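Hi,

Here is the structure I promised to pass on. Have a look at it first, and then read my notes underneath.

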Amino acid sequence: RPKKVASGGSNEQTHWTETLASAVDWGMDGISHHYYTLPTGEWEVKGKAVGFPEQEWISTLFNTMRIDEYLSLNEAVLDKHDPEGKVGLYLDEWGTWYDPEPGRQAGFLYQQNSLRDAVVAALNFNIFHRHAKRLHMANIAQTVNGLQAVILTEGEKMLLTPTYHAFEMYRPFQDSTFVPNAFAGMPEYTLDGVSVPRVSATSARTRDGALVLGLVNLDPHESAQLAVSIDGFAARSAAGRVLTAEAIDAHNTFDAPEAVKPTALEVELQDGRLVLELPAKSVTVVTLEE
């Protein structure tokens, strides 16, 4: 069963409670927090960046979604000691961390980046949005040639990773206002006793008045049919983009730099509802206009 990525337990929570309380007393702006996602939950043998089994697909998703719990626990302490909301949480390092790439120096933290990493990124975005009141900053740990990088280079060559495309697809959420959403009747994706939500979602109102949805299908085998009711928004048009691939470890290489990239997704408006099908193992962003 997947384990916590960071150490946990009552002793650690007590430490964080004392630290957060002290931050309020000292007049700090925020508390720095790091969270890395390991497929196995073990630092000694973390798991491969590509060529991994489905068990490590679901364990990676399970482990990365634990950040929701960590943020909630810390927010509860802050709400108690800082009810005015002066102190924020700064998640200034997050991302996937795998075993060193064969043939690379381990200390340089170079690792390949696959569709799994794009799904991890989008899942984190969706969680971060729900914590926006306290989460004042959230930075992916590395950007170029290290850990969950958005860009890989080799000499004069450069490619955009699936994680880059997840960031690019979520650009409409910048400076937007979070809008709560809820699911009904959606089954879970389960493997070997580990379960995660089949679909993760976020929604927001953009500065220009559009409604944008971020949707992740965690199931690597089954598509998800959605019929989305939208309260207080009379959508007249909708456009979608999706990032997916045939394999759970699909990735871009310098010989095939566009093997994994976003494409258009057909979506419909039917009687005021948004109707669409999320492909298996996919990240989708839909923009609706009134």
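What follows is a short tour of what turned up in it.

One thing to keep in mind while you look around: this is a predicted model.

Let's start with the sheet. There are 6 strands in an open sheet, and their order is β6-β9-β10-β16-β12-β13, with antiparallel pairing. At the edges you'll find β6 (177-178) and β13 (263-265), each of which pairs on one side only. For a look at one pair inside the sheet, try β10 (residues 211-217) and β16 (residues 282-289): these run antiparallel and are joined by 7 bridges. If you want a spot to zoom in on, G214 has V285 of β16 as its bridge partner.

Two helices lie across strands of this sheet. Helix α4 (residues 115-130) lies across β6, β9 (199-205), β10, β12 (237-243) and β16, at about 50° to β9. Helix α5 (residues 162-169) lies across β12 and β16, and runs at about 165° to β12.

Does the length of α4 come out short, long or as expected? With 16 residues at 1.5 Å a residue, α4 should span 22 Å, and its end C-alpha atoms are 24 Å apart, which agrees. α4 is also mostly covered, as 14 of its 16 residues are buried.

On α5, the buried residues are P162, T163, H165, A166 and M169. Their arc around the axis is only 160°, so they sit on the same side of α5. And what do they pack against? The buried residues of α5 pack against α4, β3 (135-140), β5 (157-160), β12 and β16.

Now for the inside. In soluble globular proteins, nonpolar side chains tend to be buried together. Here, the largest nonpolar core has 47 residues, and W57, I67 and Y170 are the ones with the most contacts inside it. Helix α4 gives this core its largest share, 10 residues. There is also a second, separate core of 17 residues, which includes A201, F233, V267 and L288.

I67 is worth a click. Leaving out residues up to four places away in sequence, I67 touches H33, Y35, L91, N124, I127 and F128.

Then try T64, which belongs to helix α2 (residues 54-64). Is T64 buried or exposed? Its relative accessible area is 1%, and the cut-off for buried is under 20%, so T64 counts as buried. With residues up to four places away in sequence again left out, T64 touches Y35, T37, V120, L123 and N124.

Last stop: strand β15 (residues 273-278). Its covered face holds L274, L276 and L278, while R273, V275 and E277 are on the uncovered one. Strand β11 (residues 224-229) runs antiparallel to β15, and 6 bridges join the two. One place to see this is V228, whose bridge partner in β15 is L274. β15 also pairs with strand β14 (residues 268-270), in the antiparallel sense and over 3 bridges. In that pair, Q270 stands opposite R273 of β15. β14 and β15 make a hairpin with 2 residues between them, and D271 in the turn has a positive phi of about 55°.

Happy browsing!

Terms used
Residues numbered from 1 in each chain as written. Predicted model: local features only at pLDDT ≥ 70, side-chain atom pairs only at ≥ 80, totals over all residues. Heavy atoms only, no water. Pairing = 2+ DSSP bridges. Helix = DSSP H or I, 4+ residues; strand = E, 2+ residues; numbered from the N terminus. Contact = heavy atoms within 4.5 Å. Axes fitted to C-alpha atoms, helices over the stretch in contact; angles between N-to-C directions. Expected span 1.5 Å × (residues − 1). Buried < 20%, exposed > 50% of the residue type's maximum accessible area, 1.4 Å probe, protein only. Core = buried A, V, L, I, M, F, W, Y, C linked by side-chain atoms within 4.5 Å. Arc of directions from axis to C-beta.
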